[in-house]
Amino acid sequence: MISGSKTLALLFGLSLSCWANAQEPEARAAGSSSADAQALIASLARPAPSRTPFAEARFMKVLEQPLVVSGELAWLGGDRLERRVEKPARETATIADGEVTQQREGRKPRSFSLRRAPQLQVLLDSFVALLGGDAGRLNQAFDVRQESHAGGWTLTLVPRDARVAKAIASIQIDGRGGEPRCMRMQEADGDLAVDLLGDLAARMPAALTRDALAALCKGG
C-alpha cells in the first residue's frame, strides 16, 4: 500500500508540474491582497498535457539524511497525473479515474481507489482547480495567502479540511513572474518535502539543508 503521506506528496508535486516549463504569461503585480492572489492564480493556468523535470528532497525524522529523488512530472489533463522517478531507482506513480497506481521496476503494480481516502480526493479536486487557474474553487479547500519578495512571490496554502490538516500543515509555492520554481510541503508531523521544478531541478545543492533549499526557492 502506498502511504498517505507519499500519496499526498504525489498529488501536490504533480499538480505543480504543469507550470514549470510552459510559456510564461504576462507577469502580474505581486501583492498581499486576496484580489492579487486570485489574479496570480488565474495567471498560472496551463493547458494539458504538460511535463517538466523535478528533483525532490524529503526530510524525514526516521532518516539521518534527506532522501533525494529526481525524474519527470506530468499533468495529462483532468485528474490524470503522472510521476516518473529515474533516480535513484525507476518508479512510476499515476492518478487516473479515481485510482492511484504505483509501479516499481521488477515488482508488480500496486493500486488503490481514492474512495478509500476521501481527503485525497479533496486535494486532487482542489489542485486540478489550481491547474485551471480557478482561485475561487481552490479557496474553498485552502486558506490562500500571497507574499511578494525580492526573488519573486510565495503562495502559502493552509488546508481548511481538518482531515487534510492532520497530514499537511501547509504548502508553499515559490515562483517568479508566471513561473512556479519550487514547492515546499510541510507535513503535520514535522517531515518536509521540497520539490525543485523545471530548470531549478538541476540545482539541487550538494550540502542539503532546509535553510539552503529555502534560500534557493526564494530566488537565492
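This report walks through one helix, some charged pairs, a disulfide and a few single residues in a predicted model.

## Before we start

Because the model is predicted, local features need pLDDT of at least 70 and side-chain atom pairs count only at pLDDT 80 or more, while totals for chains, interfaces and linings use all residues. Residues are numbered from 1 along each chain as its sequence is written, and side-chain values use heavy atoms, with hydrogens and water left out.

## Helix H6 and its buried face

Let us begin with helix H6, which covers residues 210–217. Helices (H or I, at least four residues) and strands (E, at least two) are DSSP runs, numbered from the N terminus. Which residues of H6 are buried? They are Leu213, Leu216 and Cys217. Here, buried means under 20% relative accessible area, exposed means over 50%, and partly exposed is in between (1.4 Å probe, protein chains only).

Now look down the axis of H6: its buried residues fall within an arc of 100°, so they line one face of the helix. That arc is taken from the directions from the helix axis to the C-beta atoms. The buried residues of H6 pack against four strands: S1 (50–59), S9 (168–176), S10 (179–187) and S11 (192–197). After H6 comes Gly219, which has a positive phi, near 105°.

## The disulfide

A disulfide is a covalent bond between the sulfur atoms of two cysteines. In this model, a disulfide is counted when a pair of cysteine sulfur atoms lies within 2.5 Å. The structure holds one, and it joins Cys182 to Cys217, with an S to S distance of 1.8 Å. Cys182 belongs to strand S10 and Cys217 to helix H6, so the pair ties together parts that are 35 residues apart in sequence. Are these two cysteines buried or exposed? Both Cys182 and Cys217 are buried.

Cys217 also gives us a way to place Leu197, a residue of strand S11. Leu197 and Cys217 are 20 residues apart in sequence, and their C-alpha atoms are 9.9 Å apart in space. Leu197 counts as buried because its relative accessibility is 2%.

## Salt bridges

Side chains of opposite charge can pair when their charged atoms come close. A salt bridge here is a side-chain nitrogen of Lys or Arg within 4 Å of a carboxyl oxygen of Asp or Glu. How many salt bridges does a search of the whole structure find? It finds 13. One of them is between Arg51 and Glu72 (3.3 Å, N to O). Arg51 sits in strand S1 and Glu72 in strand S2 (residues 67–77), so this pair ties together parts that are 21 residues apart in sequence. Arg51 is partly exposed at 40% relative accessibility, and Glu72 is partly exposed at 30%.

Lys61 and Asp191 form another salt bridge (3.5 Å, N to O). This pair links distant parts of the chain, with Lys61 in the loop between S1 and S2, Asp191 in the loop between S10 and S11, and their positions 130 residues apart. Lys61 is exposed, with a relative accessible area of 59%, whereas Asp191 is buried at 7%.

A further salt bridge brings together Arg163 and Asp161 (2.9 Å, N to O). Arg163 is partly exposed at 42%, and Asp161 is partly exposed at 21%. Elsewhere, salt bridges that share partners join Arg51, Glu72, Glu82 and Arg84 into one network.

## Two residues to find in the strands

Asp195 lies in strand S11. This residue is buried yet has no salt bridge; Arg83, the nearest side chain of opposite charge, is 4.5 Å away. For charge, Lys and Arg count as positive and Asp and Glu as negative, with His and the chain ends not counted. Leaving out residues up to four places away in sequence, Asp195 touches Phe54, Ala55, Glu56, Arg181, Cys182 and Met183. Contact means heavy atoms within 4.5 Å.

Gln172 is found in strand S9 and is partly exposed, with a relative accessible area of 23%. With residues up to four places away in sequence not counted, Gln172 touches residues including Leu155, Thr156 and Cys182. The C-alpha atoms of Gln172 and Val194 are separated by 9.4 Å, and the two residues are 22 residues apart along the chain.
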